[in-house]
Amino acid sequence: MIETDVLVIGAGPAGSAASKHAALGGADVILIDKKSEIGTPKRCAEGIYDHGLKWLGIEPDPQWAVQRINGGTIIAPDGTRLTLDETILPERGYIIERKVFDKYMAMDAARAGAKIMVKTIAKSIMRDEDDKGSFFIVDCEHMGEIIEIKASILIAADGPESRIAKALGINSTTNPKDMMSGVQYEMVGVNCERMDLIELHIGAFTDGGYAWIFPKGDDIANVGIGISSTCKKPAIDFLNDFIDSYPPLNNAKAVELNVGGDPIGGLIERIYDDNFLVCGDAAGQVDPITGGGIILGMLGGMTAGQVAAKAIKDKDYSKERLKEYDILYDKHTQGAIPKLKIAHEVYRSLEDDDFNKIIQAFAGLDIQNMKPKDIIKLFLKISPRLALKFSKLFKILF
Ligand SMILES: Cc1cc2nc3c(=O)[nH]c(=O)nc-3n(C[C@H](O)[C@H](O)[C@H](O)COP(=O)(O)OP(=O)(O)OC[C@H]3O[C@@H](n4cnc5c(N)ncnc54)[C@H](O)[C@@H]3O)c2cc1C
């Protein structure tokens, strides 16, 4: 039996952030992952934003920050383009190489003191207690052998629809309509006008998703689509049609295929319990509009790790103590996920004609200097019906 203060299950970005910060806080930490190579295969378009890295205290490293991104273009179903680049946006970002990034984040956790065990899968979990308090015994399969790990605090960072959370009685199931089905090719021979801008192609057929081109180099890009799992046609058919019909992709060739589900339904019912914390996709820490979960999940991991280390010092692993994680996560993210969920419901309800009208109305305007009242007026001008649809969102934003 191996004993540790904190056991983290899953060495994605969220689990590595949790391990790093729990170790920095003075706890003994073990981080396990069932994969033999952390970060591979990738299931991601690999976009992140600068202020996210700043929140996490991570300096971009050219080993994984492979393409500077200065903004993006939104393309309506009728082809109208709205470009928001460095002349308008205060924020920039990167396309990263996840296979390197995830490994580097695990290395950061190791440097902070965490023990990393690859090819180690958590099989079953049992809660127990002795005269010193309660703990978990986790049975893991490690390179063909069963080992037992005893931990005072368990952090589940095992990705979408967390089996670990489910095993401990927390509902982590995503409603099928909120599970975005993502499929993507990494392609070479991509010929977009500006390879420092991402492209987002919107349309009602995605039922709340979009198609994307995220450049990764001179002629390289992640080209993908996310559609609701309830859509009748498979995502790959939509993606192939998109590639055939969009001239900048006509000569592009795929060198990699990535497939994955993205849980965009918001936070799961509870992200903490006695001796237990959940972070990352496992906790639903994903932006419901973009499907981005790297930064929000790592913020969850960082906060969970910090709270776990303090609880270890206090020798108090009760849910009353660990609730601090929930409170701090909400504070750090300013309650963003529930708000973005409301915005996504509005987005999902739009028809192609609505998208066309909105993008046409904003294209060419001095968006940077628009005040909330200008935006509301513009929506009233486009259509009172659309203004009404957006009113719930305006109430949250303005
Ligand atoms: C197509 C697609 C495109 C995306 N694009 C973006 C994007 O551009 N930007 C962005 O920010 N986000 C994007 N996302 C979302 C992003 O990939 C996830 O939010 C992110 O990977 C979540 O990190 P995580 O650490 O929570 O989980 P994961 O990265 O899923 O890691 C979970 C880990 O747990 C391990 N594991 C699971 N079960 C066990 C077990 N029982 N024992 C041991 N190990 C276990 C797995 O092997 C895995 O390594 C995209 C998602 C998809 C599907």
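**Exercise 1. Place Met-1 in the predicted model and decide whether it is buried or exposed.**

Step 1. Met-1 sits in the segment that comes before strand 1 (2-9); the model is a predicted one.

Step 2. Met-1 has 7 C-beta neighbours inside 10 Å. A residue counts as exposed at 12 or fewer, so Met-1 is exposed.

Step 3. Setting aside neighbours within four places in sequence, the contacts of Met-1 are Glu-148 and Lys-150. Between Met-1 and Glu-148 there is a separation of 147 residues in sequence, yet their C-alpha atoms are 4.9 Å apart.

**Exercise 2. Describe the largest nonpolar core and the contacts of Ala-308.**

Step 1. The largest nonpolar core holds 108 residues. Those touching the most other members are Val-6, Ile-153, Ile-155, Leu-277, Val-278, Cys-279 and Ala-308.

Step 2. Helix 6 is the element that gives the most to this core, 12 residues. At least three residues come from each of domain 1 (2-46 + 98-174 + 265-333) and domain 2 (71-95 + 176-263).

Step 3. Beyond four places in sequence, Ala-308 touches Val-6, Ala-22, Ala-27, Ile-153, Ile-155 and Leu-277.

**Exercise 3. State which residues and elements surround the ligand.**

Step 1. The ligand is surrounded by 38 residues, and the closest are Gly-10, Gly-12, Gly-182, Gly-280 and Gly-293.

Step 2. Elements giving two or more residues to this shell include helix 1 (13-24), strand 9 (120-130), strand 12 (179-188) and helix 6 (294-314).

Step 3. By class, the shell has 15 nonpolar, 15 polar and 8 charged residues. Domain 1 and domain 2 each supply at least three residues to the shell.

Terms used. Residues are numbered from 1 along each chain as its sequence is written. This is a predicted model: local features need pLDDT of at least 70, side-chain atom pairs count only at pLDDT 80 or more; totals for chains, interfaces and linings use all residues. A residue is near a molecule or strand if its C-beta atom, placed from the backbone, lies within 6 Å of it. Helices (H or I, at least four residues) and strands (E, at least two) are DSSP runs, numbered from the N terminus. Ala, Val, Leu, Ile, Met, Phe, Trp, Tyr, Cys and Pro count as nonpolar, Asp, Glu, Lys and Arg as charged, and the others, Gly among them, as polar. Domain bounds come from an automatic or database domain assignment. A residue is buried if 20 or more other C-beta atoms lie within 10 Å of its own, exposed if 12 or fewer, and partly exposed in between; C-beta atoms are placed from the backbone. Two residues are in contact if their C-beta atoms, placed from the backbone, lie within 7 Å. A nonpolar core is a set of buried Ala, Val, Leu, Ile, Met, Phe, Trp, Tyr and Cys residues joined through C-beta atoms within 7 Å.
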